[in-house]
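Thanks for coming. I will talk through one structure today, and the sequence and model should be up on the screen in a moment.

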Amino acid sequence: MQQKSKLFLQALKYSIPHLGKCMQKEHLNHCNFADHYFNRIKLKKYHLTKCLQNKPRISELARNIPSRNFLCKNFLSSKQGNEKPLSENMDAFEKVRAKLETQPQEEYEIINAEIKHGGFVYYQEGCCLVRSKDEEADNDNYEVLFNLEELKLEQPFIDCIRVAPDEKYVAAKIRTEDSEASTCIVVKLSDQPVMEASFPNVSSFEWVKDEEDEDVLFYTFQRNLRCHDVYRATFGDNKRNERFYTEKDPSFFVFLYLTKDSRFLTMNIMSKTTSEVWLIDGLSPWDPPVLIQKRIHGVLYYVEHRDDELYILTNVGEPTEFKLPPWACGFIMDTNSDPENCPFQLCSPIRPPKYYTYKFAEGKLFEETGHEDPITKTSRVLRMEAKSKDGKLVPMTVFHKTDSEDLQKKPLLVQVYGAYGMDLKMHFRPERRVLVDDGWILAYCHVRGGGELGLQWHADGRLTKKLNGLADLEACIKTLHDQGFSQPSLTALTAFSAGGVLVGALCNSSPELLRAVTLEAPFLDVLNTMMDTTLPLTLEELEEWGNPSSDEKHKNYIKRYCPCQNIKPQHYPSIHITAYENDERVPLKGIVSYTEKLKEAVAEHAKDSGEGYQVPNIILDIQPGGNHVIEDSHKKITAQIKFLYEELGLDSTSVFNNLKKYLKF
């Protein structure tokens, strides 16, 4: 069975019609796919190779992360009279640029979710769920499907939208800015749309259609940040709602993913390092699911489907030869795969776009061409590398204004995350744009512990290798300074959530590199948090941070870097912390404890520093609400920018005037 298990982790095609026929004839009770079909098939040879190891990871496939894009609200008809017609053969970038130039910047705002289905686009307009014909999506001609105010929530927004296959129903997940709790509504689409049902605490959800053309909604239920239960529901005359699956292991969570061609619904059961996938037939959703491969510790795999073929991306196995069934042939997943023919979206945010060309030697940029932003042509993007203590080259992405001179005298904002194998976010933010316009240098440090360079990059920065991420961050900042990008007195460091671990650790070990720090909902008390198993995420995150309660090695290692455990009387940079009153992911108690200890250490150091010593400012800004990170809070954005400008001694007049162009105060 070992060989069969490995075979089906790496064998990457099979005949869907064959599977469907067998499932109709036989009642499978959560059968193992490999066991059920291994003896029914004629075998043939094929060469296989491992994939995913040391490769860029799948973009957001394994996580239910909402799309929050910063886009123009619309190109309103009132402006259309002034727009020049766009030629059909115009370059894509030029089309975008032309629209941006005709759109007043004041009309930019954050939008939440949008999905195309059939001939319609479904999205949020004001406080309503609406749809419009695809060709009319840029004007005001839309149909209101549901008014969010009926839910009596404060400032609700749509986080995710899913449309039933035949467009009889639409489901939308609705949240508020001050809470992670969500409600899923189901609206029946007709001449008079009406809400059919609502479900609380829904995480992921997808539609399929059964043999009788009945729409079936599968959804996961989240309790205390733990997502363990899967339900399925129908509506109309045959209304029902039943629990379909419950995960018993508290270190695992469940999310649903519909394959890109909508043929199969995958039920993904995952921990930080291990996964198990069950396949639900999109044409027979009432049949028992099929297990692709039972979970094996350390084995991650993802499933996609296209053209009657399953594609399985996994992190294990060496290139080898297996005997495969006639319906299975090899598919080598590689970073050089043609993206047009690859069902997975492989991407690496540190890889420069194709219109940039760079050459590097020993971490130094020695040739650069095509450096301008193709839309604004006002900023420069650089990819650099820093050599960490162990010789590992750590990539950085650097942005600055094209016409900037004497970069050593410009302010620098460094951003880092380095945890959970997640890529550092570099999506457009209005406050980042205005900083670049005002002469700032932005540097994104892709340190170990993140996912930018694949699973091994993550593994080299977790558990008892977490200090690698700290060494990487220190090397990045020193390299930036050495290469003429700013200086310590003009350098600020920012992070949110788990990124706070590395930032807090650097403030303890090398505070001289920084002048100011901004943190949002930061994880700072690693030791005490990971020893408290009553917290909702402790058990799930043991594979990332370790188990200090039962493993003395883990406990001692965490003590070496935990920000709260290593505070000492010394000079610190000024620090601004934004925390949220009812944050379930990062308890407020740990942040308050860190802040109090830090203030005591700063005060003690100031006593021995003599007259003229400038005491750093330690600010804790506690916001109401239970959300973890509120990206679009104008109050938070302005407070952080005000803090940075004051601490670095900069004039903030122009930056706030520019910020008003993007944010509606």
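Which residue in E19 stands opposite leucine 279? That residue is valine 290. Before going further, please keep in mind that this is a predicted model.

I will stay with that region for a minute. Leucine 279 belongs to a group of residues that point one way from strand E18, together with Ser275, Val277 and Asp281. Glu276, Trp278 and Ile280 point the other way. In general, side chains in a regular strand alternate between the two faces of the sheet. Is E18, at residues 275-281, mostly covered or mostly open? Mostly covered: seven of its seven residues are buried.

E18 has pairing to describe with two strands. With strand E19, residues 290-293, the pairing is antiparallel and runs over three bridges. With strand E17, residues 264-270, E18 is joined by seven bridges, again antiparallel. In that second pairing, methionine 267 has tryptophan 278 of E18 as its bridge partner. E17 and E18 make a hairpin, and four residues lie between them.

Next, the sheet formed by E12, E13, E14 and E15. These four strands form an open sheet in the order E12-E13-E14-E15, with antiparallel pairing. Strand E12, residues 202-209, and strand E15, residues 240-246, are at the edges; each has a single partner strand, so one side of each lacks a neighbour in the sheet. From one strand to the next, the twist averages 25°.

Inside this sheet, look at strand E14, residues 226-234. Eight of its nine residues are buried, so E14 is largely enclosed by the rest of the structure. Strand E13, residues 215-223, pairs with E14 through seven bridges in the antiparallel sense, and phenylalanine 218 has arginine 232 of E14 as its bridge partner. The two strands form a hairpin with two residues between them. Asparagine 224, in that turn, has a positive phi of about 55°.

E14 is also joined to E15, by six antiparallel bridges. Here threonine 234 has arginine 240 as its partner, and valine 230 stands opposite tyrosine 245. This hairpin has five residues between its strands, and glycine 236 in the turn has a positive phi of about 80°.

There is also a sheet with the order E8-E9-E10-E11, an open one of four strands with antiparallel pairing. Its edges are strand E8, residues 156-163, and strand E11, residues 194-200; each has a single partner strand, so one side of each has no neighbour in the sheet. Neighbouring strands here are turned by 25° against each other on average, direction ignored. E8 and strand E9, residues 169-176, are antiparallel and share seven bridges. Within that pair, isoleucine 161 has alanine 172 of E9 as its bridge partner.

Now to the helices, starting with H12, residues 552-561. Which residues of H12 are buried? They are His554, Tyr557, Ile558 and Tyr561. Viewed down the axis of H12, these buried residues fall within an arc of 100°, so they line one face of the helix. As a general matter, an α-helix has 3.6 residues a turn, so residues three or four places apart point the same way. On the other side of H12, Glu552 and Arg560 are exposed. The buried residues of H12 pack against four helices: H8 (466-482), H9 (499-509), H10 (526-530) and H11 (542-545). At the start of H12, a side-chain oxygen of aspartate 551 comes to within 2.9 Å of the backbone nitrogen of lysine 553.

That leads to the cores. The largest nonpolar core has 83 residues, and Leu473 and Trp545 have the most contacts inside it. H8 gives the most to this core, with seven residues. Beyond its neighbours within four places in sequence, tryptophan 545 is in contact with residues including Ala419, Leu463, Phe523 and Met530, and also with Ile558 and Tyr561. Another core, of 17 residues, lies apart from this one, and among its members are Ala171, Cys184, Ala197 and Phe205.

One last residue: glutamine 640, in helix H14, residues 634-648. Is glutamine 640 buried or exposed? Its relative accessible area is 14%, and buried means under 20%, so glutamine 640 counts as buried. Leaving aside neighbours within four places in sequence, glutamine 640 is in contact with Thr518, Glu520, His576 and Thr578.

That is where I will stop.

Terms used:
Residues are numbered from 1 along each chain as its sequence is written. This is a predicted model: local features need pLDDT of at least 70, side-chain atom pairs count only at pLDDT 80 or more; totals for chains, interfaces and linings use all residues. Side-chain values use heavy atoms; hydrogens and water are left out. Buried means under 20% relative accessible area, exposed over 50%, partly exposed in between (1.4 Å probe, protein chains only). The arc is that of the directions from the helix axis to the C-beta atoms. Contact means heavy atoms within 4.5 Å. A polar contact is a pair of N or O atoms within 3.5 Å; within protein, one must be able to donate a hydrogen and the other to accept it, and residues adjacent in sequence count only if both atoms are side-chain atoms. Two strands pair if DSSP finds at least two bridges between them. Axes are lines fitted to C-alpha atoms, for helices over the stretch in contact, and angles run from 0 to 180 degrees between N-to-C directions. A nonpolar core is a set of buried Ala, Val, Leu, Ile, Met, Phe, Trp, Tyr and Cys residues joined through side-chain atoms within 4.5 Å.
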